[in-house]
Amino acid sequence: MRKTWTLSLALTLPLALAACGGSGPAGTTNGGGAQSGGTIKIGSLHPLSGAAAADGQQMDNGAKLAVEAINNAGGIKSQGGKKLELVSADTQGKPEVGQSEAQRLIQDGVVGLVGTYQSAVTANVSTVAERNKVPLVIDVSSADSILSQGYKYTFRVQPSSTVLGTAGAQFLDQVAKAANQPVKTVAVLHEQGPFGSAVRDAFKAEAEKAGIKVGPAIAYDAANVSDLTTQVTQVKASGADVLMVSGYYRDGVLAAKAVATVKPPALKAVYGVANGAFDLPQFPKEAGAAAEGFFDANYHADMTNADTQALAKLYQERYNDQIRTGAVLAHDSVKVIADALERAGSAEPAKVRDAIASGSVPTLIAGNGPIKFGPTGENENATPILMQVQGGVVKQVFPADKAEEKPLYPAFKSQ
Amino acid sequence: MTTTTDTPAPETAAGRPLPRLPWNKHLVAIAVLAVLLVPLPLILPSAQASVAVRVLIFALMSIGWNMMSGFGGMFSFGHAAYFGIGAYTSAWLLVEHRASPWIGMLAGMVMAAAFAALIGFLALRYKLRGAYFALATFAFAEMLRLWATNSDFVNRAVGYHVPLRPDSSWWWIQFEPASPNYFWIALGLTVAALVISVQFVRSRAGQFTKAARDDEDAAAAVGIPVMRYKLLTMALSAAITSVAGAFYVQYFLFIDPDLAFGSSVSIQAILPAVIGGVATIWGPVIGAVVMGPLNDVTATVLRNPPPALEFLQGRSGLDVIVYGTLLIIIVLLLPKGIYGTIRQRWSRR
Amino acid sequence: MTTPADQGHAAAGSGGVATLDPDEVRPTRGRTVPWLRIAVIAALVVLAVVLAYVRSGSGVVVVQAMATGVLIGGVYGLIAMGLTLIFGVLDIVNFAHGSFLALALFLTFGLTQAGLHPYLALAVSVPAMFVLGLLVQRGILAGAMGKPLENQLLITLGISLIIENALLLFFGGNPRSVALPGDRGVPIFEAVANLSRILAFVGALILAGLLYLLLQRTRLGTAIRAVAANDTGAQLVGIDTRVIYAVTFALGTACAGAAGTLVAPLVTIEPTTGSLFNIVAFVVVVLGGMGNVVGALVGGLVIGLAEQLGGIYLPGQSPLLSVFIVFVLVLFLRPQGLFGRSA
C-alpha cells in the first residue's frame with residue numbers, strides 16, 4: 001500500500017503546485033472586488049502572441065492609451081475621480097485560453113471586458129461574460145453569429161459583416177455613377193469562411209438591387225492559399241468590369257499581385273469590401289505599384305477628425321508604429337466602458353452594462369454618429385467608409401464628408 | 001508492468017504476488033485520487049478551477065490516445081478526428097434536435113468508434129506503419145476539418161453555439177459558470193476512462209493487443225486475430241477521446257471546425273501521454289497535470305516577473321518560448337515520461 | 001512501437017546502397033529511371049487537365065491553372081526537399097521545418113533591408129542555416145535519436161514554438177515583404193506568371209539537381225544513403241552515423257534556407273508564414289518517397305496541380321481537400337511514394 005500512497009501524493013502534489021503557480025497574483029480579490037482597491041479595472045483580452053499578434057498588440061496599445069487619457073483627464077468623476085486600470089491578458093488566439101483568461105480577469109474584479117479579434121475566441125469570451133454578468137465590448141470580431149445568441153452583456157462597436165457588405169455595394173454604385181460609368185458586372189473573390197461568405201451575400205443582394213450583375217463569385221481558403229493567379233484569370237475570362245475582394249491581409253496582397261500579373265483588360269477597379277489588406281498603411285508598401293487605385297469599403301479610423309490625428313501621432317511616438325483601425329476601435333471600446341462608469345456612478349458590472357446599453361459615446365471611427373447600441377448589442381451607427389490607395393497612401397475618399405481626396409474611378413486606365 | 005521481484009521487498013514476503021495485484025493497486029490509487037480531488041474546485045478560485053477542468057479534458061483525450069498509440073503501438077497523429085466527432089455529434093444533436101448532451105456523448109462515442117474502425121481497417125489493410133500510419137490518421141482528421149468547414153450540414157466554419165439555459169441542470173450539463181459540478185463531471189469521466197484502461201490492459205484483448213504490438217508476426221503465428229484486436233483497441237481509444245470532445249462543447253459552449261479537428265488538437269492528445277509516460281496507466285494524467293497549467297504558469301510569471309527579469313515584462317511571445325524550452329527539456333531528460341522514468345527507478349531499486 | 005530502423009527499411013530501401021565504395025554504386029544508377037511510372041502519372045495529369053477543361057469551359061483558365069500549379073508545385077517541392085532528406089535519413093517528423101523557413105525569410109528580409117539583392121542573400125542564408133541546423137541537431141535532436149516518433153515530434157514542435165516566438169519577440173508581428181527588383185508578369189502561352197515565381201521554380205530545379213549530384217556522386221552522399229538504408233549496417237562498415245545525422249540535418253535546414261530566400265519575394269513574411277507550408281510539405285515528402293529529393297520535386301508538382309485543378313473541380317471546397325484525397329490514395333496504393341524505389 002505504501003506505493004499507492006506515494007503514487008497518489010506524487011499525483012496530487014504537482015496539481016496543487018500548478019494551481020498555486022497559476023493563482024499567483026490573482027488571489028487578492030475575489031468577485032466584485034472592484035471597489036476594494038483605489039482603481040477600477042477594465043480587462044483587455046487580445047491575441048498578444050500567435051498569428052494575429054501584430055493586431056492584438058495594436059489593440060492592446062489602443063486600449064492602454066484610452067485608459068491613460070481618461071486618467072489624465074481626472075479619472076471617473078462621478079466616482080470621486082477614481083482612476084482606471086487596464087488589465088491586459090493574452091488569448092494567444094486560442095478560445096480555451098481566452099475563456100480561462102476572461103475568467104481570471106473577472107475574478108480579478110474587472111467591471112468590463114474589451115476584445116478579442118478572433119471570432120472563435122470572442123464567441124467563447126462572450127458566453128463567459130454573459131454567465132458572469134460582466135459586460136463585453138467587442139472591438140473587432142465580425143461574425144454575425146456572436147450577437148445572434150440573445151446575449152445581454154455583449155456589445156459590438158465595429159459594423160457587422162452584413163452592414164459592411166450592404167454599404168460596400170451602395171458606395172460602389174454611387175461612386176461609379178458619379179463618374180458616369182455605371183458598373184455592369186462585378187466578379188467576387190472572397191475567403192470561404194463565415195466572414196467572407198456573409199459579406200458576399202449582403203453585397204450581392206444590395207448590388208443586384210442597383211441593377212449590377214454579380215458573378216462569378218469565387219471562394220478561396222485564406223489559411224492556405226499561396227497564389228490567386230488562376231482565380232483572377234477566371235475573373236478575366238468573365239469580362240467583369242469590377243473585382244470585389246473580401247478577405248484578410250495575406251490573401252489581399254496575393255490578390256493584388258495576381259491582378260497586376262494577369263491585368264484583366266476590362267477591369268476598371270479592384271474594390272475591397274471589409275478587406276483586411278487594402279486599407280492598411282503597409283499594403284501599398286508591400287504590394288508596391290500593384291496596390292495603386294485599390295478601393296476598400298471598410299470600417300476605419302476617421303483621419304479627418306483632429307482627435308484621431310492626435311491619437312495617431314501619440315501612437316506613433318509611443319510605439320513607433322502606424323496606428324491601425326483595430327487600435328482605434330479598442331480605444332473607443334474602453335471609452336464606452338468609461339462613459340458608462342461615469343453615468344452609472346457605480347462600478348457594479350450589471351449597472352455598467354445597463355449604462356452601456358443606453359449610452360451614446362463620440363467615436364474616432366468614421367461612422368454615421370456616436371456609438372449607440374441597438375437591442376442586440378450592435379452599434380447602430382457603425383458603417384464603413386470608402387478608401388483608396390492614391391500615390392502609395394491610403395486615403396479616405398467617400399462619402400464626401402469623410403473624404404480626404406476625391407475617388408478616382410475608373411481606377412485603372414483601360415489596357 | 002512487472003514490478004520488483006528480484007529484491008525481497010517486505011510486501012512480497014507473503015509469496016509471489018498474484019499477477020493481478022498490480023492492477024488492483026491501480027484501481028485503489030484511482031479511487032484514492034478521486035476522493036482526494038473531489039474538494040479541489042471548492043478550494044480553487046474560479047479561474048484556476050477552469051484550468052483544472054481543462055487539465056481533466058486534456059487527460060481524457062490523452063488516455064484515449066495512449067490506449068491506441070501506447071498500448072496498441074499504432075501512432076496516431078489524428079486524434080482530433082475523434083475529439084471532433086464527439087464534439088460535433090453532441091453539438092449537432094443538441095442544437096438541431098434538442099437531445100441531451102449525455103445522449104450526444106453516447107452517440108459521439110459510437111460515431112467515433114465506427115470512424116476509427118474504418119480508418120483502422122484501411123490503414124491496416126494497406127499495411128501502413130510508423131510515420132506513414134501517423135500521416136494517414138493526420139490526413140483523415142484534416143479531411144474532416146475541411147469537410148466541416150465547407151459543409152452546410154454542420155453549419156460551415158461558423159460552428160455551433162450551445163444555447164444558454166436559465167437554470168442549472170444535470171441533464172443538460174449546464175451550471176453556473178463557477179460551479180464545481182463541471183469539475184466533478186470531468187473528474188468522473190476521467191476516472192471512468194482510467195478504470196476502463198486498467199481493465200483493458202489486464203483483459204485478454206489488452207494482452208493480445210500488447211503482444212501484437214511487440215511482435216505482430218509472432219502474435220499472428222500463435223493464432224491471435226491481430227486485425228480484430230487492433231481495430232477493437234482503436235475503436236475504444238476513439239470512443240474515450242470523443243467523450244472529451246463532447247464534454248468540451250458543454251464546458252466551453254462553442255465549437256468550430258478548427259477547435260474540433262485542428263492539428264493542434266491532435267498534438268494536445270499526444271502531449272500529456274508523452275510527457276507523463278507512453279503506455280502507462282498514469283502517464284496521460286500526470287502529463288496533463290504538468291503540461292495543462294504550464295502555459296498559464298509561464299504567462300503568469302512573465303506577467304509579473306521577478307525583479308531580475310523585469311526587462312522582459314510586456315514582451316509578447318516570451319511565455320511561449322519558455323513553454324517550448326521546457327517542453328524540449330522534459331522530453332529530452334525524461335524520454336520515458338515522468339511516470340515512466342519514476343517507475344523505472346523504482347523497479348531498479 | 002516500430003523502431004526507427006524498420007521504418008527506414010520500409011521506406012527508403014534503395015537498391016544496393018549498403019555497399020560503400022561510390023565507384024561500385026554508380027553503374028547501378030543509370031537504369032533506374034521509372035519510365036512506366038512517369039508515363040502513368042503523365043497520363044493521369046492529362047486526364048485531370050481534360051476534366052478541368054470540360055468543367056470550366058475556358059481554355060485560358062485551365063492553361064493558367066496548370067502554369068500556376070506547376071510553379072507553385074516547384075515551390076512546394078523546394079520546401080519539401082530539405083524535409084525529405086531529414087525524414088529519410090534521420091526518421092524524424094520535423095515539425096520545425098516551417099519555422100526554419102520563416103527564419104530564412106526574415107534573414108532574407110534583413111539582408112535586403114541592408115541593400116543586398118534578394119538572391120545574393122543566398123550566400124548568407126544557406127551557410128547560416130547550415131550552421132544552425134548543425135547546432136540544433138547536435139545540441140537538441142542528437143539526444144532524441146532512436147527515441148519513439150512522438151518524442152521527436154514534440155521536440156521539433158518545441159523548436160518551432162521557440163523560433164516562431166523569438167521572431168515575434170524581435171521583429172514584432174507586422175507583416176514584412178521583400179521586393180524583387182524588376183519583377184513583372186511573364187506570358188506563358190495564354191497564361192501569365194510572375195518572374196519571381198518562375199525564378200523560384202528554376203531555383204527548385206537547380207537545387208534538386210545539386211542535391212541529386214551530392215547524394216549520387218560524392219562520398220558524403222553515398223554515406224548518407226547508406227545510413228538512410230540501414231544505419232546499423234552503415235555503422236558496421238565504419239560510417240560515423242552521428243556525423244551523418246548532423247550533416248544531413250544541417251543540409252536539410254540549409255535547403256530550408258535556400259527555399260526561404262527564393263520564396264521571400266512571393267509571400268508575406270510573418271513569424272507564422274513558414275508553418276503554412278508544413279502540412280503540404282509533409283504530403284509532398286510522402287508522395288515523393290522519403291529521402292528522395294527528385295521525388296519531392298515531382299510530388300510538389302503533383303500537389304500543385306492537384307490544388308489548382310481541384311479548385312476547378314470542387315468550387316467552394318478548400319483546395320487542400322483535393323490535396324489530401326490524392327495523398328490518402330497514394331498512401332494506400334503506393335506507401336513507398338511515387339518513386340519509392342529510387343533513392
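User: How do you know that strand 6 (residues 185-191) of chain A pairs with strand 7 of chain A, and in which sense?

Analyst: Strand 6 and strand 7 of chain A share six bridges, in the parallel sense. Two strands pair if DSSP finds at least two bridges between them, so these two qualify. One facing couple is A:T185 and, in strand 7 of chain A, A:K213. Strands here are DSSP runs (E, at least two residues), and helices are H or I runs of at least four, both numbered from the N terminus.

User: What kind of model is this, and how is it numbered?

Analyst: The model is predicted: local features need pLDDT of at least 70 and side-chain atom pairs pLDDT 80 or more, while totals for chains, interfaces and linings use all residues. Residues count from 1 along each chain as its sequence is written, and chains are lettered from A and ligands numbered from 1 in the order written.

User: What makes strand 7 (213-220) of chain A an edge strand?

Analyst: Strand 7 pairs on one side only, as does the other edge, strand 12 (393-398) of chain A. They belong to an open sheet of seven strands in chain A, ordered 7-6-8-9-10-11-12, with mixed pairing. Neighbouring strands of this sheet turn by 25° against each other on average, direction ignored.

User: Which strands does helix 8 (residues 249-262) of chain A lie across?

Analyst: Helix 8 crosses strand 6, strand 7, strand 8 and strand 9 of chain A, at about 160° to strand 8. Helix 5 (residues 161-178) of chain A lies across strands 8 to 12 of chain A, at about 155° to strand 9. Angles run from 0 to 180 degrees between N-to-C directions, with axes fitted to C-alpha atoms, for helices over the stretch in contact.

User: What is the pairing in the five-stranded sheet of chain A?

Analyst: Parallel, in an open sheet ordered 2-1-3-4-5. Its edges are strand 2 (83-90) and strand 5 (154-156) of chain A. The twist averages 25° from one strand to the next. Strand 1 (residues 39-46) of chain A shares eight bridges with strand 2 of chain A. There A:K41 stands opposite A:E85. Helix 2 (residues 53-72) of chain A packs on this sheet, touching strand 1, strand 2 and strand 3 (110-115), and makes about 170° with strand 2 of chain A.

User: Why is helix 4 of chain C called roughly antiparallel to helix 11 of chain C?

Analyst: The two axes come within 9 Å and cross at roughly 170°. Angles over 145 degrees count as roughly antiparallel, so the name applies to helix 4 and helix 11 of chain C. Residues in this contact include C:V75 and C:L78 of helix 4 and C:Y245 and C:F249 of helix 11. By class, 17 are nonpolar, four polar and none charged.

User: What counts as contact between chain C and chain A, and how many residues take part?

Analyst: Two residues are in contact if their C-beta atoms, placed from the backbone, lie within 7 Å. By that rule, 28 residues from chain C and 26 residues from chain A take part. Helix 4 of chain C gives the most to the chain C side, with six residues. That side has 12 nonpolar, 16 polar and no charged residues. Asp, Glu, Lys and Arg count as charged; Ala, Val, Leu, Ile, Met, Phe, Trp, Tyr, Cys and Pro as nonpolar; the others, Gly among them, as polar.

User: Into which domains is chain A divided?

Analyst: Domain 1 (32-159 + 305-358) and domain 2 (162-298 + 385-402), with bounds from an automatic or database assignment. Their centres, taken over C-alpha atoms, are 31 Å apart. Six residues of domain 1 of chain A contact nine of domain 2 of chain A.

Note on methods: Parallel < 35°, antiparallel > 145°, perpendicular 65-115°, else oblique.
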